[in-house]
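Reader: I'd like to learn how to read this one properly. Can we go through it together, starting with how far to trust it?

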Amino acid sequence: MSDLPDATRQGPKPTERLETAEVVRPSRWRAIWDADLAWSFRHSPVAMVAAFVTLALVLAAIFAPLVATTNPFDPSSLNLMNGFSAPGVPNAFTGETFWLGTDDQGRDVYSTILYGLRISLFVGFMAVLFALVLGVTLGLLAGYLGGWTETVIMRVADVQLTFPSILVALLIFGIARGIIPIEYRDQMAIWVLILAIGLSDWVQFARVVRGATLVEKNKEYVQAARLIGRSSGAIMLRHILPNVLSPVLVIATISLALAIIAEATLSFLGVGAPPTQPSLGTLIRIGQDFLFSGEWWILFFPACTLLALALSVNLLGDWLRDALNPRLK
Amino acid sequence: MLAFIIRRVFQSVIVLLAVGLVAFSMFRFVGDPIENLLGQERTVQDVERLRETLGLNDPFPVQYARFLGRAVQGDFGISYRQSRPVAQIIAERAPATLELAFVSGFLALTVGIGLGVFTAIRRDGWAANVIMSASLIGVSLPTFLIGILLIYVFGVQLRWLPTFGRGEVVQLGWWSTGFLTQSGLKSLILPAITLGLFQMTLIMRLVRSEMLEVLRQDYIRFARARGLAAKSVNFRHALKNTMVPVITVTGLQLGAIIAFAIITETVFQWPGVGLLFINAVQFVDIPVMAAYLMLISVMFVMINLLVDILYVWVDPRLRIDGRHA
Amino acid sequence: MTVPVPVLSLRDLTVDIPTRHGTLRPVDQVSWDIARGEILGVVGESGAGKSMTGNAVIGLLDPPAHISGGQVLLEGERIDDLPLAKMRRIRGKRIGMVFQDPLTSLNPLLTVGDQLTETILRHLDVDREEAAQRAIRGLDEVGIPSARNRMGAYPHEFSGGMRQRVVIALALCAEPTLLIADEPTTALDVSVQAQIIALLKRLCRERGMAAMLITHDMGVIAETADRVAVMYAGRLAEIGPVAQIVGQPRHPYTDGLMASTPAASAGQARLRQIPGAMPRLNALPDGCAFSPRCPRAQDRCRHDPRPRVGEADARAACWFPIEPEEDAA
């Protein structure tokens, strides 16, 4: 391939530099749509389906109170007689039909999934946000300041990276439980989860941002900004940060999938979201008890939802990584 | 090369000291050890006497050194929950986890590398595409769901395989093994697949991408230009070079298997250290958590060292004292 | 007496690369012959299709690039349509190839001896002992000192020039009748370049081997080649004996190329420059590809493609070639 001129391998260029007054500038949306990323999106059916599923699930979670038939955690709306209704079969006692069945308490599985999705997504997003802010900050500091700061941050990162994040999360969870008095444990569980997953996941961000910062730091425009007396903070935020956004976006997407799975795993292990605020993982944990007695739907539908969510976010992350890294294709 | 290994050992020791510090801090500051040992009925004198005997009044570094000294001798204190020495509890449980991890690791390594090479060589074939798509689902599928799925299919529906516990075990000294009985082996199948599957997909995807990278290299091109057979190009030239980066990650993945055993052991009620740890987290049994953390760190550090040595063995460029100096 | 069959004949060889923006044609209807013992120098700017032609001959085009037309004949036998298994028997055995960068051409994890003996065992019917003997002789022939002791050495234990000698030994160890050398000296120190060129020349003479020497270095060509092929934008611009190409170029591009090369334009007061740049493959002009930069271009050049002037041995693809008397004036 060495004989090929570079330009032949690039995608269509977005309409750059239409700064002249006479030229009518296309709308901002148009520009984004025409860009390489959008081009690649429109040509990847997998990415489009994944984005659609993700969006649908996020919307369902946000509007859960509107979309759900009942609030499964309002005891007054529950009827124990509805317990163990099979999907789509009218209940023998009450005659009510639940399309995804009910659990032992008579809760509509469809509604518990929607509320569970809310918890799962909330924990996932918050944990990634936490990891992102922490990781990007530490990565910038390590790369820009160097020296002693860098050594400490990157050493800690290296050691933590040796351990699987699920183990780190479990440890942090265990320690937090030890510190929090028993009566607050259930109340604080969600926040402890976010803390544990976030802390177990910042390293990726820090490493990538540090690497990019080291590269950018020595470029002439940064040196110039330094010479004219810009403060370190301003240089990091205005000049270096924008350059690391696309890898950070890729990591954040992949981290979201990992965080959702981590939350589900912790909750499944019984150390995550409590049964009073069940996430998808908690629902699966509950459902596992009924697997042998034949009430498969209590486990099956939450599991499918979790899988659809994790898979589509993962696929989005995969596509994003390929689309932003032209070297691979 | 000796200098390289000594440096690595030195770094490992520092990592272990840091982990020990974390474990000790947990021990010392999370939950009050006095409260956990004495219970509700106690006098100020009792507390003071216990503080003195436990050495809690000594300066922090002294306490830390003593903690490490005991840990090195295998004394990790008494479990809050079971009121027995932690070392004893872990020794009882370790064989179950190690046997499970060994079988899963073997599975992940052989199948993972095999499929990785296959999908790299046949990168556009339909079989490779099917395997790659399946592996993406494998990566997205949480381990515990795989376990539940296997239980449902092979345990509940087909009733072929046991779904919990280790089956019958045979005692060989202090080691209890499930390898020697039929029920022990049968019980091992589902948990081993569950535990190995995730690492297997990871290893496979890694081997594939590294191999594709290697296949793009000039020396592969040159090997092809010399008319070498496909088998020789793929295995003799490409695979060996693929293994250099793969060894590192694979080593870490095998270490991770021990940690991921926590999940599998919970799903299958497998009586190993992972299940012990999860119970410890639930009941804030700090001595057990601390001991588990330290043991697993030692294991990781040893795997890392082994990986470094393997690395030097595979790649002649790292052998500074080459034969032809 | 019959005319001897050329070792290599290209008949309108064409290579296509389908891309998402249409098909690129990096090699466009290239024809030439190389006789036994003859060295054909192939020159042109990067992207002119030189390496692509070499790769097409030995059947090592990177997909999606493929031969879309024409023929490759090796000693009169067509080889471009051979099945892969048969082609593998030809590579190394009948066509040897040397690449640009000796640092990356050798497998870093295998000893030099291993790489040589495996190639010899593959192509020649000898036992391991004999293969090792031949390998030592091969290293000796390319000028590796104390060859016997160097058999167990790894590539990183050799210098760049020595590695290129090893590469040449590898390419020639099964005694091919055609050698394709793709920029064999570009990556080397200037002091080493001359040695490698002299080595290649000597080996060709001694073995009566035909060679296709791809380079953009006119100095190398003038010193080594018997005949020269000049490529421009995937097409053959001019081919002829080296003295004629250097001394009396007929194609305006060749003329420009010579005038801009220090070695070939010795005595000339100052170097000339060809205005503009070679067009990208996705934006070729109609007619002659050189017409936008050509000082002699007329209307016909911009519409009528593929002129052919001269005999098979010496021809220029130009409607208005420079005539010898014109040049002398």
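Author: Sure. This is a predicted model, and the place to begin is confidence. Chain A has an average pLDDT of 78, with 82% of its residues scoring at least 70.

Reader: Where in chain A is confidence lowest, and where is it highest?

Author: The low end is helix H1 of chain A (residues 28–34), with a mean of 56. Helix H5 of chain A (residues 109–145) sits at the top, with 90. Also look at residues 1–25 of chain A, where pLDDT is below 50. Leaving aside near neighbours in sequence, that stretch still has 33 contacts in the model.

Reader: Now the contact between chains A and B: how many residues does each chain put in?

Author: Chain A puts in 31 residues and chain B 29. On the chain A side, helices H6 (147–162), H7 (165–179), H12 (245–268) and H14 (297–324) supply at least two residues each.

Reader: Which of them gives the most?

Author: H7(A), with 10 residues. As for chemistry, the side of chain A that touches chain B has 23 nonpolar residues, 7 polar and 1 charged.

Reader: On to the sheet in chain C. What is the strand order?

Author: S2-S1-S4-S5, an open sheet of 4 strands with antiparallel pairing. Strands S2 (22–34) and S5 (77–78) of chain C are at the edges with a single partner strand each, so each has one side without a neighbour in the sheet.

Reader: How many bridges join S1(C) to S2(C)?

Author: There are 8 between strand S1 of chain C (residues 8–19) and S2(C), and the two run antiparallel. To see the register, find C:Leu13, which stands opposite C:Val30 in S2(C).

Notes
Residues numbered from 1 in each chain as written. Chains lettered and ligands numbered in written order. Predicted model: local features only at pLDDT ≥ 70, side-chain atom pairs only at ≥ 80, totals over all residues. pLDDT = per-residue confidence, 0-100. Contact = placed C-beta atoms within 7 Å. Nonpolar A, V, L, I, M, F, W, Y, C, P; charged D, E, K, R; others polar. Pairing = 2+ DSSP bridges.
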